[in-house]
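Student: I've got a model open and I'd like to learn how to read it. Can you walk me through it, one feature at a time?

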Amino acid sequence: IIIELHKLEKESIVSHLAASVSHEVRNPLTVTKGFLQLLKEKNKNSEDHQYFTMALDELKNAELILSDFLTFAKPAIESITTVDMYEEIQRSINVIRPLANLSNVNIHFEGKPLKFKGDKQKIHQAYVNILKNCIEAMPKGGNLKISLQDNEKYLEIIIKDTGIGMSQSQLLRLGEPFFSTKETGTGLGMMVAFSIIKSMGGTLEVSSVLNGGTTFKISFLMVTDLTKAH
Ligand code: ADP
Ligand code: MG
């Protein structure tokens, strides 16, 4: 029991710290980026030009890490509420739609209002990380199908892309910190998404076919009005 409590305490300290760091770091990064862009422009014809490019590239890496890790983190303690999953999926789709449009990816979402217990901000982060990967797997366009349905006591979310897919060995490494096949990947997005889903009692299954696409099946215990009343 002592070990468990200790672990819990540590986790909440870590998530609290992460949220504060996200807020405190993002602003100076944005300001620094602005000034560097200005200086880069001013030094267009100087031999120092390359250093500004290098500095800006590094900043971009830092921003990628923040966005995979802490986009929706709030410096507040975890808030578990009854959440409408349909709304959260819709919200996540709205966030990634511009990226989808850039890659000619069609998004199709089908579902109905179903509730579960969890942290809104975090589930949003998990979806964005997963959907972002799906879109990045379809650089030449494709279809992203998302469905939300109930299955007895559970609600099921199926996310299916028609992208490049993964080999068996890549699939086995999915969710491992820093595993990335992308040139500028962080390898953190899936780890974060998986741990968020797990922390809310959800389960996740992934299947993938190389050059055939990837399917994520996520499942959470559903909150019915009956259980809510008790
Ligand atoms: P990153 O996106 O920064 O590479 P992630 O943790 O989000 O890191 O993903 C890890 C790796 O998993 C990706 O680099 C990619 O190889 C693979 N992957 C994740 N989702 C998909 C997907 N939908 N289709 C194909 N490969 C995927
Ligand atoms: Mg990713």
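**Reading the fold, the core and the ligand shell**

Tutor: Sure. Start with the order of elements: from the N terminus on, the chain runs α-α-β-α-β-β-α-β-β-α-α-β-β-α. That makes 7 helices and 7 strands. Keep in mind that this is a predicted model.

Student: What share of the contacts with a separation of 6 or more is between residues 24 or more positions apart?

Tutor: Those pairs account for 74% of such contacts in the chain. As for burial, 23% of the 230 residues count as buried.

Student: Okay, what about the nonpolar core? How many residues does the largest one have?

Tutor: General idea before the case: in soluble globular proteins, nonpolar side chains tend to be buried together. Here the largest nonpolar core has 33 residues, and Ile 130, Leu 131 and Ile 135 have the most contacts inside it. At least two residues each come from α3 (85–102), α4, β4 (142–151), β5 (154–161), α6 and β7 (213–221). The biggest contributor is α4, with 8 residues.

Student: And which residues does Ile 130 touch, leaving aside its neighbours within four places in sequence?

Tutor: Ile 130 is in contact with Ile 159, Ala 193 and Phe 216.

Student: Back to α4, then. Is it largely enclosed or not, and why?

Tutor: Count its buried residues. In α4, 12 of the 17 residues are buried, so the helix is largely enclosed by the rest of the structure. Among them are Lys 122, Gln 125, Asn 129 and Asn 133, as well as Ile 123, Leu 131 and Ile 135.

Student: How do I check its geometry?

Tutor: Compare the expected span with the model. At 1.5 Å a residue, α4 should span 24 Å, and its end C-alpha atoms are 24 Å apart, which agrees.

Student: Could we zoom in on one residue of that helix?

Tutor: Take Val 128, which lies in α4. The cut-off for burial is 20 or more other C-beta atoms within 10 Å; Val 128 has 23, so it is buried. Setting aside neighbours within four places in sequence, Val 128 is in contact with Thr 71, Ser 92, Val 95 and Ile 96. Ile 89 is 39 residues from Val 128 in sequence, yet their C-alpha atoms are 9.0 Å apart.

Student: Last one: which residues are closest to ligand 1?

Tutor: Of the 23 residues that surround ligand 1, the closest are Asn 133, Ala 137, Ser 180, Gly 185 and Gly 189. The elements giving two or more residues to this shell are α4 (120–136) and α6 (189–199). By type, the shell divides into 9 nonpolar, 12 polar and 2 charged residues.

Note on methods: Residues are numbered from 1 along each chain as its sequence is written. Chains are lettered from A and ligands numbered from 1 in the order in which they are written. This is a predicted model: local features need pLDDT of at least 70, side-chain atom pairs count only at pLDDT 80 or more; totals for chains, interfaces and linings use all residues. A residue is near a molecule or strand if its C-beta atom, placed from the backbone, lies within 6 Å of it. Helices (H or I, at least four residues) and strands (E, at least two) are DSSP runs, numbered from the N terminus. Ala, Val, Leu, Ile, Met, Phe, Trp, Tyr, Cys and Pro count as nonpolar, Asp, Glu, Lys and Arg as charged, and the others, Gly among them, as polar. A nonpolar core is a set of buried Ala, Val, Leu, Ile, Met, Phe, Trp, Tyr and Cys residues joined through C-beta atoms within 7 Å. Two residues are in contact if their C-beta atoms, placed from the backbone, lie within 7 Å. The expected span of a helix is 1.5 Å times one less than its number of residues.
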